[in-house]
Each structure stands twice: as structure tokens, then as C-alpha cells.
Amino acid sequence: MRIGFAGLGVMGGPMAGHLVRAGHEVAGFNRTFAKADSWANATGGMPAATPQAAAAGADLFILCVGNDEDVRQVVTAALETATHGCVFVDHTTTSARLAREMADLADKTRCAFVDAPVSGGQAGAENGQLSVMAGGDAEALARALPALEAYSKAVQHMGPVGSGQLTKMVNQICIAGVVQGLAEAVHFAEQAGLDTDAVYGAISKGAAQSWQMDNRWATMARGEFEFGFAVDWMRKDLGLVLDEARANGSHLALTALVDQFYSEVQAMGGSRWDTSSLAARLQDRGRT
């Protein structure tokens, strides 16, 4: 397939690289052209100076950028040169409202838009093991699927456009609650004078087990918070969740509280720490 790819950061760069290795012809765009050029030299892809250049002649145009406004700008530009029938797949985590807006915009040029946020983080992108939750036309998703399989372990169609973003919000609600519980558990074990490694060995094979426990218990206990998805991005995502909750009448007391705790981590200088840094505010309190 001829594919345009916008956003070559810690997630998009590896994803676009997997597409090249799978045999697709990929033109990569990044706001900083030097990054696109470096990516192309490393992967064998083609650098594109603009979204219009990346989209020209493409069967598929994929995005993995920052926020709603980034998506709006890139899609609007790319549609100027996209051919009829091009499928836009957006892996950015955005509002469901933005996804519907972009789908309407794409439809006016006889293109299709699929909102397809991912879970799995930087490691999932690098290893080609992302989980994709997609909203939009099922036939359009089917056309994109051979490309998405290059960096995904699972692609699930969730329903009409916007459904992928709503599902990602559910994902982030779950992560926020689990990580906060894990942070409190590690903090409690430390305050009680327990050997945290021994505690993990005792509880990790029972009902308390989770991916977060298996991958973050030890690093949280050591105060290491350099493992990918940053607090700034999590707060952006939780903001989307809480906005949607206000609109649909959901009651998300725990999610709102954890969002507040992340704001405290930011105030501690942890904006770029990963999401497990909820433990840092408790560790700081435990020392005072």
C-alpha cells in the first residue's frame, strides 16, 4: 500500500517503521522535518515536508500526533491532496467530538475517517504489539487492516466513529484507578517496614495481580519513573475523559481524584515522569 504517516515521535516513528519493513511504501511527515529525514534514513521510508506531500496518492493516511488541534490541522491539510477513497486512520487520543468532526470533513471529499487510538505504550509500538480500538465504517477499517497488523497484536472494531476514542477513555479510567491503588500498596508496604520484593512475590499470583503490578511494582518501589507515557499526556487524556463524563452524566469520582493527584506530580517537577509516578507523591509524603 501507499501510506502517508504523520507524527514520527516515540510512538509514530516505530509504527511507521514497521509499515516500511512490512513492504509498504511510506511517506513520513513530522512538524520538524529533520526528524522525518532521520526516520527515513533509518527505515528506508520517504520523508515528506508537508501533510499534503505525505497524502498525495496515498491509499491510507495514518496519524499519531498530539491533540485535537494537531489532528484537525493535519487532516485538513492532507485532505487537500488525498485521492477519493483514501482511508484516514487516527491513532491519536482525542475527543470523540473531534473524531466525528473529522469523519464529516473526510466524507465531503469522499474519503473515510477511522478513529483508532492505541494501548500498549512506547514498548508496544516498538515491538509491534499495540492494541487498537477503532470507530468508524467497518469496510474502511477492513481496508486499513493489512497495514495496522504490521504494528498491532489486536484490532477491535467498536462501532460508529467516535467509539474508538470512547473505548480509549475507558482504558485510561482503568489505568488511573489501578496505578493509584498500586502506588498506595507500595507506599503502605514501605511504611509498614515490609520487604517490597517479598510482598510482590506473595501477592502477585493472586487476585491482586495486574499488568501494572508485574511491570511497575519494583520500579515504583525504587522511585524510578522513566518508562514511557508521560504524566502530561495522561492528564490530557483524563481531561478528555472528564469532559465526556460531564456530557454523558457519568460519575467518575476516583478518576477526578487521580487527575488531581497527577497535577500534584506535575507540581513536583514530574511532568515527563511516567504514569506510575503517582507513587512519588506518596513517597515524598512518607519522608515528611
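The following paragraphs lead through this predicted model, from its nonpolar cores to one helix and then to a loop.

The largest nonpolar core has 32 residues, and those with the most contacts inside it are Phe5, Leu19 and Val89. Strands S1, S4, S5, S6 and S8 each supply at least two residues of this core, as do helices H1, H2 and H7. The largest share, 5 residues, comes from H7. Phenylalanine 5 shows how distant parts of the sequence meet: leaving aside neighbours within four places in sequence, this residue is in contact with Met15, Leu19, Val26, Phe29 and Ile62, among others. There is also a second, separate core of 23 residues, which includes Ala78, Ala99, Met102 and Ala106.

Helix H2, residues 33–43, repays a closer look. Which residues of H2 are buried? They are Ala36, Trp39 and Ala40. These residues lie on the same side of H2, because they cover an arc of only 100 degrees around the axis. An α-helix has 3.6 residues a turn, so residues three or four places apart point the same way. The cover over the buried residues of H2 includes helix H1 (12–21), strand S2 (25–29) and strand S3 (46–48). On the other side of H2, by contrast, Ala34, Asn41 and Ala42 are exposed. Just after the helix, glycine 44 takes a positive phi of about 90 degrees.

A positive phi also occurs at arginine 110, with a value of about 60 degrees, although this residue is not a glycine. Arginine 110 is found in the loop between helix H5 (96–108) and strand S6 (112–115). Is arginine 110 buried or exposed? With a relative accessible area of 58%, arginine 110 is exposed, because exposed residues are those over 50%.

Key:
Residues numbered from 1 in each chain as written. Predicted model: local features only at pLDDT ≥ 70, side-chain atom pairs only at ≥ 80, totals over all residues. Heavy atoms only, no water. Helix = DSSP H or I, 4+ residues; strand = E, 2+ residues; numbered from the N terminus. Buried < 20%, exposed > 50% of the residue type's maximum accessible area, 1.4 Å probe, protein only. Arc of directions from axis to C-beta. Contact = heavy atoms within 4.5 Å. Core = buried A, V, L, I, M, F, W, Y, C linked by side-chain atoms within 4.5 Å.
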